[in-house]
Structures are given as structure tokens and as C-alpha cells.
Amino acid sequence: MAEDTQKPGAPPAADEVVVEKPVTDKDLPPAPEPEPEVAAAAVLEEKVAVEEAVEVVEKPKAEAEEKIAEAGSFKEETNVVGELPESQKKALEELKQLIQDALNKHEFTAPPAKEEEKVAGVVVEEKKEETKEEVKIEEKTEEGHKVEIEEKAEVSEKVVEIEAPPAPVEAREEEKAPEPAVVTEVVETVTAVVDEDGAKTVEAIEETVVAVSAPPPAETEASASKEAESAPADEPKEAETPALPPPPPEEVFIWGIPLLADERSDVILLKFLRARDFKVKDAFTMIKNTVRWRKDFGIDALLEEDLGNELDKVVFMHGFDKEGHPICYNVYGEFQNKELYQNAFSDEAKRQKFLRWRIQFLEKSIRKLDFSPSGINTMVQVIDLKNSPGPGKRELRQVTNQALQLLQDNYPEFVAKQIFINVPWWYLAFNKMISPFLTQRTKSKFVFAGPSKSADTLFKYIAPEQVPVQYGGLSQEGEQEFTTADPVTEFTIKPSSKHTVEYPVSEKSVLFWELRVVGWDVSYGAEFVPSAEDGYTVIVSKRRKVSPVDEPVISDSFKVGEPGKIVLTIDNQTSKKKKLLYRSKTKPCSD
């Protein structure tokens, strides 16, 4: 091992040595309580692609990969009201006032105006028109003294229709409708004269009409005086009836939080305002539409539905980024499974079930976010495009469009960053095509990385201990010796160089370690070197070549019975840099 360790004063060599102090249980900070599993719905970012644009791009895959953007510049704004600019504070207060007025008037849950009221008003107008037409017909009859039997019957029917309805009262008072007895007289008169000559019939109808439509002035004055006398008598009765108190303001909740309650409500309202560039009326309209859609879609009932778990590998939550945002992974390559694809998209019913599953997934995740002003209330989306079905799958595009529209209209500002990994070469053309239609705010949240840069890009925003093993990290499912609470050390091994990690041990104990090299194609070995000069080196793991298809993570341990050190050697003989990830811990030996 002397040749593997760089000595003081010796000329620089390609080999590198890192002496690591093993982490003991005593050194470890108290383990934090396990955070609740956060579930979130992925934003389906593979929008409708145009095959012609994809065909136009014929650049080599490697060349296109180098041109993929790898960084976003979006920075989340504060949700503390006191730290907002004055214009935004004013917009928030105006929005709260509009919502309060709407809650007082029950505008969020009030049903639309009844059609019956509109129909009733139309009927009154139609009856007034019929009355006017009747009077005109009678005037012409008086002048010409020529009316056919069919016209007589129609006139009599119209007169009956005007007199018969008991309501509305206002229409009848305006037209001074006669008492029901007069109506009976009119009907009998018309019927009795049907068999006689036309001239007599006209006279009978004229006399009756005059009695109906133009009562004597004396009768009119008498009826008016009676109404005037009866009005004061009725007023005290109305005054005696106490007015009903106005109904209390309604309560409307979104994601389990009232629209107007406390600081959490302000955080939600700010999301809608930011989605509409702080245009108060537009944000208010968006909120009302969202509340209405949630009711129509049946969100509360959807949360209790059992929609199965066959899509758990397509969209899943795993870990947190360096700022504490929960991370949602979207794996489009899973749809290469024909059976899974058919079960999700083969007909309209299955597509609607898939859509409901995604909304349910998103709703459950949002309710686990922290809506306090200083809390984390957004998520990071990782979109894996490796082996993606691409633009040719019509059913997937159709559901994607529906989901995007729903998310855009009803779930504003829930994405802190979107990281696209394993981006294929054809996606460049697609991204360039849709870029003009995206706002600068939306584009600033995007990060793109080709297959060779995906792991490094994830590590910029997510610690390796939080990244799943399939994406280059050390986080594994199931019971493991190491958890996400155990930090990982990163190191870049230069081409054609060797790196050595040493763990000194001074007492009897058991040393555990875990490491991986992203992309591997390196040699790995481990040994124990005792401190005593006459001691023997123990080969813990024989040096061997590790290829990319081998185990993604090497986990090992060694029981130390005497002072010494564990030495891990990674030899990179390739022409490329390699990312090394490792961590360790020491437990006291019971023997």
C-alpha cells in the first residue's frame, strides 16, 4: 500500500488519497423524525409534438446533446405579506375584498338563475301583446262589420286567456281586467251568436269588448279608492312580520384551507395572483372557476376512491431537493410496456380513469405541503424521457393535453423547478418549437440534460443520498444500513488516475461503507492495513473491474480487531472523468 499513498515531499502523482474519519454512532446527530411520504402528480410535460418538426432535425445525437440547456434561473418569491412590494400587497387586499363580497353573497356555491323566473316574465309580456292584438282586431271589426267565424273563436279564446290566470297581479291591474262573471258572459255571447249572421255577431262582441276593455270611469275611480283604502290596512300587517336575518357568509375550502382565514389563505391567494401577473380580476375569475371545477369534478369524493397502484412506477415521490422541496419523478419509459399502455389509454373510459388517478395523486401531495408563509409549498418535477414513446403515441398526447389544461387552470404555481433528464436528440426540435408559446417565468423553471449529464445535473439540485439509485444516487428502497439522513461525499476522479479513500480505526468496531461510481468502468478493491509494523494486510474485497451493468452500489463492512485503517481504491483508466460517491459509519463491536 505504500505505493498507493502519496508521501510528504514526494513529487505530485496521479494517484489521490483521501483519509476519512469514520462516522460513529456517537458522532451522528440525533436522527430526525421520518418525514411523511409526499405524493404528487407530475406535470406531464411531453406536450403535443409535431412529427414534421422532429423529422426536420437530423443532427447527430452526440452533437445535439451538447446543446441542451442545463440550468434554470427561476427563484421563488417570498410568501410573507410584509415582505411583498406595495403593489402586490394592494392587489392581495383587493382580491381578498372581492372574495369576501362573493362569500357574503354566496356566489361560489349559488346555483345559476332559475329558468322559471325568466319564463314567467316572458309569459306576462306575451299576454300583454295578445291583449293589444285583440283590441286592434275588435276596432277593425267595428269599422268594417265583417268578421269570419274562425276569427270570432280566436278573439273569444284570447279574451278568456287574458281573464283566466290568477297571476301575475300587476299585469291584471294594468289592464283593468273584469271580474270572472264578465268572462262567462263573453263566452256565452260569442257561442250563442255563432249560428247567426255575421253582423249580429260583431255587435255582440263589440258590446262585450267595450264592457271588458273600457269600464266606466266611475267604476275605475271606485276601485282605485278601494285600493287606496285597503293599502293602509295592509301595511301594518307587513310591518308586523319581522325581516329574516341575512344568511351567514359561506365557507369555501381549497386543498383543505379556507379561502379567507389566516396566513395560509394568503399563500394560496398569492399563487393565483402570480399565475395572472397580479391582475386582480383575472385572479378572482380563476379562483371562482377553480372552485366550480373542483365541485363538478368531485374532488372530495375522488380523494377516497381506490384507483389501483399499477401506475406507481410511472409517477412516484422520492426524497427532497437541497432546498427541501419534495421531488416527483415521471418515468415515460414505463409506457414501453404494451400491457401497461393499453390498460391506461386503450379507450376513453381508461383514459378518464388515468386522468382521475393523476389528479388524485396531485391532490394528496398538495395537502401534505406546508402553506405557512415560510413553508415549502411547491415541488420539483423530474421528467425522465429515456425510452419515451415519443410524439407518435396519439392516446398519450391526448391525455397529456387534458392533464396539462387542468393543471394550468386549477393548480397554479405548484412547481418550483422542472428537470428534464435523458433528453433525446429529437426533443431539441420540439422544445424549440414550443418555446415561443411559453412565458419567461415558465421557461426559467426548466432544466434540460442529455443522458451523459443527467446524474451530474440532478446532483446540482438534489443531494446524492436523496437521488434514487436508478438515477445515479445512493437512495435505495427497503431496509438498508444507510438512509437519506446519512450524508454522501462526492469526488470527481480524473481520467487515467487512481483515487484512494482511507478510514482510520483505533478500537474494536465494525466499519460499514457504501460507494458507487456513476457509469463505473473502473477497478475497485478494499483492504485493511494494521498499524503494527509486523501486522498483515487483510484483503477485504479483491480488486476487480466494475462495469455499468454490474451492481449499481457496493455495500460492504469489516470487523476491526486492532488499530489500523480500511483502504478503498478506485482506479479510473478511462479517458473520462468519473463521479465517485461514498459514505461510511462505525458501530462499536459487541465482542
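Before I begin, one definition: two strands are said to pair if DSSP finds at least two bridges between them. With that in hand, we can start with strand E12, residues 522–530, which is joined to strand E15 by eight bridges, the two strands running antiparallel. Please keep in mind throughout that what we are looking at is a predicted model.

Let me stay with E15 for a moment. Within its pairing with E12, phenylalanine 528 stands opposite isoleucine 566 in E15. E15 also pairs with strand E10, residues 497–505, again in the antiparallel sense, and here there are nine bridges, with threonine 500 placed opposite threonine 569. How many of the nine residues of strand E15 are buried? Eight of them are, so this strand, which spans residues 564–572, is largely enclosed by the rest of the structure.

Now let me step back to the chain as a whole. The protein chain has 591 residues, of which 42% are buried, and its secondary structure comes to 18 helices and 16 strands. If we take the contacts with a separation of 6 or more, 80% of them are between residues 24 or more positions apart. As one example of a pair distant in sequence, glycine 375 and valine 80 are separated by 295 residues along the chain, while their C-alpha atoms are 10.0 Å apart in space. Glycine 375 itself sits in the loop between helix H14 and strand E6, and because its relative accessibility is 15%, under the 20% limit, it counts as buried.

Let me turn to the sheets. One is an open sheet of five strands, in the order E4-E5-E6-E7-E8, with mixed pairing. Strand E4, residues 315–320, and strand E8, residues 446–448, stand at its edges, and each has a single partner strand, so one side of each is left without a neighbour in the sheet. On average, and ignoring direction, neighbouring strands here are turned by 20° against each other. E4 pairs with strand E5, residues 326–331, in the antiparallel sense over four bridges, and in that pairing valine 315 has asparagine 330 in E5 as its bridge partner. Helix H14 lies across E4, E5 and E6, and runs at about 20° to E4. Helix H18, residues 454–461, also packs on this sheet, where it touches E6, E7 and E8, and its direction makes about 165° with that of E7.

There is another open sheet, of four strands with antiparallel pairing, in the order E9-E16-E11-E14. Its edge strands are E9, residues 489–493, and E14, residues 554–560, and since each has a single partner strand, one side of each is left without a neighbour in the sheet. Neighbouring strands in this sheet are turned by 25° against each other on average, direction ignored. Strand E11, residues 509–517, pairs with E14 over seven bridges in the antiparallel sense, and tryptophan 513 has aspartate 556 in E14 as its bridge partner.

What about the packing of helices? Helix H3, residues 86–104, and helix H10, residues 263–275, pack at an angle of about 105°, with their axes 10 Å apart, which makes H3 roughly perpendicular to H10. On the H3 side the contact involves Ala91, Leu92, Leu95, Lys96 and Ile99, and these meet Asp266, Leu269, Leu270 and Leu273 in H10. By kind, the residues of this contact are seven nonpolar, no polar and two charged.

In soluble globular proteins, nonpolar side chains tend to be buried together. In this model the largest nonpolar core has 69 residues, and those with the most contacts inside it are Phe108 and Tyr411. Helix H11, residues 280–297, contributes the largest share of this core, namely eight residues. Leaving aside residues up to four places away in sequence, tyrosine 411 touches several residues, including Trp255, Trp293, Arg294 and Leu406. Apart from that core lies another one, of 22 residues, with Ile493, Val522, Val560 and Ile570 among them.

I will close with two backbone details. Most residues other than glycine have a negative phi. Histidine 106, however, has a positive phi near 60°; its place is in the loop between H3 and helix H4, and with a relative accessible area of 25% it is partly exposed. Tryptophan 520, in the loop between E11 and E12, also has a positive phi, near 40°. Is tryptophan 520 buried or exposed? Tryptophan 520 is buried, with a relative accessible area of 2%.

Definitions and conventions. Residues are numbered from 1 along each chain as its sequence is written. This is a predicted model: local features need pLDDT of at least 70, side-chain atom pairs count only at pLDDT 80 or more; totals for chains, interfaces and linings use all residues. Side-chain values use heavy atoms; hydrogens and water are left out. Axes are lines fitted to C-alpha atoms, for helices over the stretch in contact, and angles run from 0 to 180 degrees between N-to-C directions. Angles under 35 degrees count as roughly parallel, over 145 as roughly antiparallel, 65 to 115 as roughly perpendicular and the rest as oblique. Contact means heavy atoms within 4.5 Å. Ala, Val, Leu, Ile, Met, Phe, Trp, Tyr, Cys and Pro count as nonpolar, Asp, Glu, Lys and Arg as charged, and the others, Gly among them, as polar. A nonpolar core is a set of buried Ala, Val, Leu, Ile, Met, Phe, Trp, Tyr and Cys residues joined through side-chain atoms within 4.5 Å. Buried means under 20% relative accessible area, exposed over 50%, partly exposed in between (1.4 Å probe, protein chains only).
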